[in-house]
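Subject: Structure for you to look at

Hi there,

Here is the structure I said I would pass on. Have a look at it first, and then read on for what I found.

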Amino acid sequence: MKRAIVILTGALVMAASTGAFAEQTQGGKDECLLLSQNCRDQVDDIHARMQRLNKEIQKGTRVYSPKELEQLRQKLAETQEMLRSMEKPGR
C-alpha cells in the first residue's frame with residue numbers, strides 16, 4: 001500500500017513538474033506552463049504550479065489568446081484535481 005502511494009506520488013510530481021526558472025517569451029508568455037517548452041530541470045510543487053498558473057491566467061488576453069487561456073485554465077483544473085486526489089484519505 002505504501003509502495004503504491006509512493007509510486008503514485010512520484011508519478012504525479014513528475015507529471016506536474018515545470019521549471020522554476022521557465023523562460024518568458026517576448027510577449028510575456030510562460031511557454032513552460034503553456035506548451036511544456038523551455039523548461040529547466042527544476043520541479044515545482046503542486047501549490048507553486050497552481051500559483052504560477054493563476055498568475056499567468058490573470059494576465060488575460062493582453063498576453064494570451066482565448067485558446068491559450070483555456071489551455072491554462074484546463075491545466076489549473078487538472079492540477080487542482082490532482083491535489084484533491086492526493087489529499088483523499090487512504091482506503
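K75 is a residue of helix α4, and please keep in mind as you look at it that this is a predicted model. Is K75 buried or exposed? Its relative accessible area is 18%, and since buried means under 20%, K75 counts as buried. Setting aside neighbours within four places in sequence, K75 is in contact with L33, L34, L35, S36, R49 and L53. Its side chain also has a polar partner: one of its polar atoms lies 2.9 Å from the backbone oxygen of L33. If you want a distance to check in your viewer, the C-alpha atoms of K75 and M50 are 8.9 Å apart, with their positions 25 residues apart in sequence.

Now for the helix that holds K75. Helix α4 covers residues 66–87, which makes 22 residues. From the first C-alpha to the last α4 reaches 32 Å, close to the 32 Å expected at 1.5 Å a residue. K75 has company among the buried residues of α4: E68, L69, L72, L76, T79, M82 and L83 are buried as well. Looking down the axis of α4, you will find its buried residues within an arc of 140 degrees, so they line one face of the helix. P66 and K67, on the other side of α4, are exposed.

Next, the charged pairs. The count of salt bridges comes to four, and I will describe three of them here.

- K29 and E68 are joined through their side chains by a salt bridge, 2.9 Å from N to O. This pair links distant parts of the chain, as K29 sits in the loop between α1 (2–15) and α2 (31–35) and E68 in helix α4, 39 residues apart. K29 is partly exposed at 23% relative accessibility, whereas E68 is buried at 16%.

- D30 and R52 form a salt bridge in which the closest N and O atoms are 2.7 Å apart. This pair, too, links distant parts of the chain: D30 is in the loop between α1 and α2, while R52 is in helix α3 (residues 46–59), 22 residues away. Both D30 and R52 are buried.

- E81 and R84 make a salt bridge with their closest N and O atoms 3.3 Å apart. Both residues belong to helix α4, where three residues, about one turn of the helix, separate them. E81 is partly exposed, with a relative accessible area of 41%, and R84 is partly exposed too, at 46%.

That brings me to helix α3, the home of R52. Does its span match what its residue count predicts, or depart from it? The 14 residues of α3 should span 20 Å at 1.5 Å a residue, and its end C-alpha atoms are 20 Å apart, which agrees. The buried residues of α3 are I46, R49, M50, R52, L53, E56, I57 and K59. What do they pack against? Their partners are α2 and α4.

E56, in helix α3, deserves a look of its own. With a relative accessible area of 3%, E56 is buried. Its side chain is joined to that of Y64 by a polar contact of 2.3 Å.

Both ends of α3 have something to show you. At the start of α3, a side-chain oxygen of D45 comes to within 3.2 Å of the backbone nitrogen of H47. After α3 comes G60, which has a positive phi, near 65 degrees.

Finally, the chain as a whole. The protein chain has four helices and zero strands, so to speak in order from the N terminus, α-α-α-α. Of its 91 residues, 34% are buried. Taking contacts between residues at least 6 apart in sequence, 55% join residues at least 24 apart. The chain exposes about 6,500 Å², with carbon and sulfur atoms supplying 53% of that area.

Happy browsing, and do write back if you would like to go through any of this together.

Best wishes

How values were computed. Residues are numbered from 1 along each chain as its sequence is written. This is a predicted model: local features need pLDDT of at least 70, side-chain atom pairs count only at pLDDT 80 or more; totals for chains, interfaces and linings use all residues. Side-chain values use heavy atoms; hydrogens and water are left out. Helices (H or I, at least four residues) and strands (E, at least two) are DSSP runs, numbered from the N terminus. The expected span of a helix is 1.5 Å times one less than its number of residues. Buried means under 20% relative accessible area, exposed over 50%, partly exposed in between (1.4 Å probe, protein chains only). The arc is that of the directions from the helix axis to the C-beta atoms. A polar contact is a pair of N or O atoms within 3.5 Å; within protein, one must be able to donate a hydrogen and the other to accept it, and residues adjacent in sequence count only if both atoms are side-chain atoms. Contact means heavy atoms within 4.5 Å. Accessible areas come from the Shrake-Rupley method with a 1.4 Å probe; for residues, only the protein chains shown count as cover.
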